[in-house]
Amino acid sequence: VQFSAIVTEVGQAADQFTGTFEVALSLEQSTYKFASGFIGKIKIYPRKKSDVVLVPVQSVTQSNKSSGVIFIPLNDKVEKRIITTSGIYNNMVAVTQGLNGGETVITDGVEYLTENSQIKLVSVN
């Protein structure tokens, strides 16, 4: 049986054992009677859709809940960029600001880079 609902609250932190968040829902009109403590599986879809750029999680450093740093190769140096993120999906970070689709990001050794670090790009197949 499927029901429609609106998310009214999201927990502040994930459960350390399951990696899940507690979510409070407000059910839309239904004739079905729910029992106290009812447990179910939900799929949450955002109302507002936005474009994101996905980058490998290992390319992001100095990250926190909604931002991080990536490095873009520019000839033999790097450009440090602060990005805004919206989450992690299958080992990919969703970037909402600070990176355009199609731009190359550095994925290996980012923890050793600083603004204008000298680099030599290598191709790995």
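## Salt bridges and strand pairing around Arg81

Glu79 is partly exposed, with a relative accessible area of 24%; this class lies between buried (under 20% relative accessible area) and exposed (over 50%), for a 1.4 Å probe and protein chains only. The model is predicted, so local features need pLDDT of at least 70 and side-chain atom pairs count only at pLDDT 80 or more, while totals for chains, interfaces and linings use all residues. Residues are numbered from 1 along each chain as its sequence is written, and side-chain values use heavy atoms, without hydrogens and water.

A search of the whole structure finds two salt bridges, each defined as a side-chain nitrogen of Lys or Arg within 4 Å of a carboxyl oxygen of Asp or Glu.

| Salt bridge | Closest N to O distance |
|---|---|
| Glu79 and Arg81 | 2.8 Å |
| Arg81 and Glu103 | 2.8 Å |

The pair of Arg81 and Glu103 links distant parts of the chain, 22 residues apart: Arg81 lies in strand 5 (residues 77–89), and Glu103 in the segment after strand 6 (92–97). Strands here are DSSP runs (E, at least two residues), numbered from the N terminus. Through shared partners, Glu79, Arg81 and Glu103 form one network. Within this network, Arg81 is buried at 17% relative accessibility, whereas Glu103 is partly exposed at 27%.

Strand 5 also pairs with other strands, pairing being defined as at least two DSSP bridges between two strands. Eight bridges join strand 5 to the antiparallel strand 4 (residues 67–74), where Val69 stands opposite Ile82. Five bridges connect strand 5 with strand 6, also antiparallel, and Gly87 stands opposite Ala94 there.

Conventions: Helices (H or I, at least four residues) and strands (E, at least two) are DSSP runs, numbered from the N terminus.
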